[in-house]
Amino acid sequence: MLTYLKASAIAGALVMVAGAAMADYPEKPIEVIVGYSAGGGTDVMARTAAPFIEKYLGEGASLVVKNMPGASGQIGITETARSSPDGYTLGTFNLPGMMARTIDREAEYDADSFTYLANVVNDPNVIVTSKASGLDTLDKLIAEAKANPGAITVGMSSLGGDDHFALIKLEGLTETEFTIVPFKGSAPARTALMGGHVAMGILNISEVAEFQEELNVLGVATPERSDFAPDLPTFKEQGLDLINGSMRGFVAPAGLPEDVQAKLLAAFEQLASDPEFLKAMKETANLVEVVTGDDFKALTEDLHTLAKQVWDTTPWN
């Protein structure tokens, strides 16, 4: 009987300790690694979401964004994957780009390297041109590309990401060829475009929404017009079946303690129904599409399969 009582007491103590651990998290600042430059779509998403996650986690929670640009986002996401799985390092996660990094080069992570928290944004691609280029319509762009294969330079945030996928689709649909100029993020790509250093850019709608007076926006890669830019035509209505975009969210290293994972998931799940968050994201032209946990991992695996199909059917792989 005494042994049973001792065992019960120990079990009860363990439950109390586990509960206390969950209640105490986080006890120090949480670092959020962004694998791209400040000012780009991923950075804006992370910095907009951070104060809301702090609110949901409770009093004293603090998220600190750390930009680690380079290698098309690979440096930042690799650092996330190999960090301690204690809940104090999170990373932004872009699809299809992050999984494409495991196909087109050597990578120190795969789909099982992460605890999947939440996708937050689905941001469609746009094709934009420099005002100096004279290519102010989609028809003019395609005609010039056909007349002078490879002559049009295209700025984009990285190779192997959604921007690159959109270009591959464009070339396939129009039988054209462009010359890619990759940058360390969308912000420097946009700056180069506005300066006339590249003729064309493939970015995301959130990254050009505030710059429509300074760029020619030729179309949006959505089935229907975006609520964020209702005056901009889709490619589909211009006779080009081009649909593509970037999904952006958050992961942690694999092996996150269940109690910490549960608390983080509960925080991210609240984003979709928070009117203040939705308003803040709308102001940055970001379409919120929250997918959490196992559903987020399944989405990652599906897009990895799609990325591999793209790689297997393109001549540059």
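Helices are taken here as DSSP runs of at least four residues in state H or I, numbered from the N terminus. In the predicted model, helix 6 is followed directly by Glu 175, which adopts a positive phi of about 55°. The helix itself comprises the 13 residues 162-174, and at 1.5 Å a residue it should span 18 Å; its end C-alpha atoms are 18 Å apart, so the expected and the computed extents agree. Burial within helix 6 involves Asp 162, Asp 163, His 164, Phe 165, Ala 166, Leu 167, Ile 168, Leu 170 and Thr 174.

Over the protein as a whole, eleven helices and ten strands are assigned, and 51% of the 317 residues count as buried. The accessible surface comes to about 14,100 Å², with 54% of this area belonging to carbon and sulfur atoms. Among contacts with a separation of 6 or more, 79% are accounted for by residues 24 or more positions apart.

Helix 6 also forms part of the connection between two paired strands. Strand 5 (residues 153-156) and strand 6 (residues 179-182) pair in the parallel sense over four bridges, and Val 154 has Ile 180 as its bridge partner in strand 6. The chain passes from strand 5 through helix 6 to strand 6, and the resulting β-α-β crossover is right-handed. Strand 5 is in addition joined to strand 7 by two bridges, the two strands running parallel, and in strand 7 the bridge partner of Val 154 is Met 200. Val 154 is thus bridged to Ile 180 in strand 6 and to Met 200 in strand 7.

Strand 7 (residues 200-204) is largely enclosed by the rest of the structure, because five of its five residues are buried. Met 200, Ile 202 and Asn 204 point one way from this strand, whereas Gly 201 and Leu 203 point the other way, and all of these residues are buried. Besides its parallel pairing with strand 5, strand 7 runs antiparallel to strand 4, to which it is joined by five bridges. Within the latter pairing, Ile 202 of strand 7 is the bridge partner of Ile 127.

Ile 127 lies in strand 4 and, with a relative accessibility of 2%, falls under the 20% cut-off and therefore counts as buried. When residues up to four places away in sequence are not counted, Ile 127 touches Leu 141, Leu 170, Met 200, Gly 201, Ile 202, Asn 216, Val 217, Leu 218, Gly 219, Phe 235 and Leu 242. Leu 218, one of these residues, is 91 residues from Ile 127 along the chain, yet the C-alpha atoms of the two are separated by 5.6 Å. Leu 170, another residue touched by Ile 127, is among the buried residues of helix 6.

In soluble globular proteins, nonpolar side chains tend to be buried together. The largest nonpolar core in the model contains 33 residues, of which Leu 57 and Phe 250 touch the most other members. At least two residues of this core are supplied by each of strand 1 (30-34), helix 2 (41-57), strand 2 (63-67), strand 4 (114-130), strand 9 (245-253), helix 9 (258-269) and helix 10 (275-283). Helix 2 provides the largest share, eight residues. Apart from this core lies another, of 21 residues, which includes Ile 142, Ala 145, Leu 167 and Leu 240; Leu 167 is also one of the buried residues of helix 6.

Note on methods
Residues numbered from 1 in each chain as written. Predicted model: local features only at pLDDT ≥ 70, side-chain atom pairs only at ≥ 80, totals over all residues. Heavy atoms only, no water. Expected span 1.5 Å × (residues − 1). Buried < 20%, exposed > 50% of the residue type's maximum accessible area, 1.4 Å probe, protein only. Core = buried A, V, L, I, M, F, W, Y, C linked by side-chain atoms within 4.5 Å. Pairing = 2+ DSSP bridges. Right-handed = clockwise from strand over helix to strand, strands pointing away. Contact = heavy atoms within 4.5 Å. Areas by Shrake-Rupley, 256 points an atom, 1.4 Å probe, with all protein chains shown as cover.
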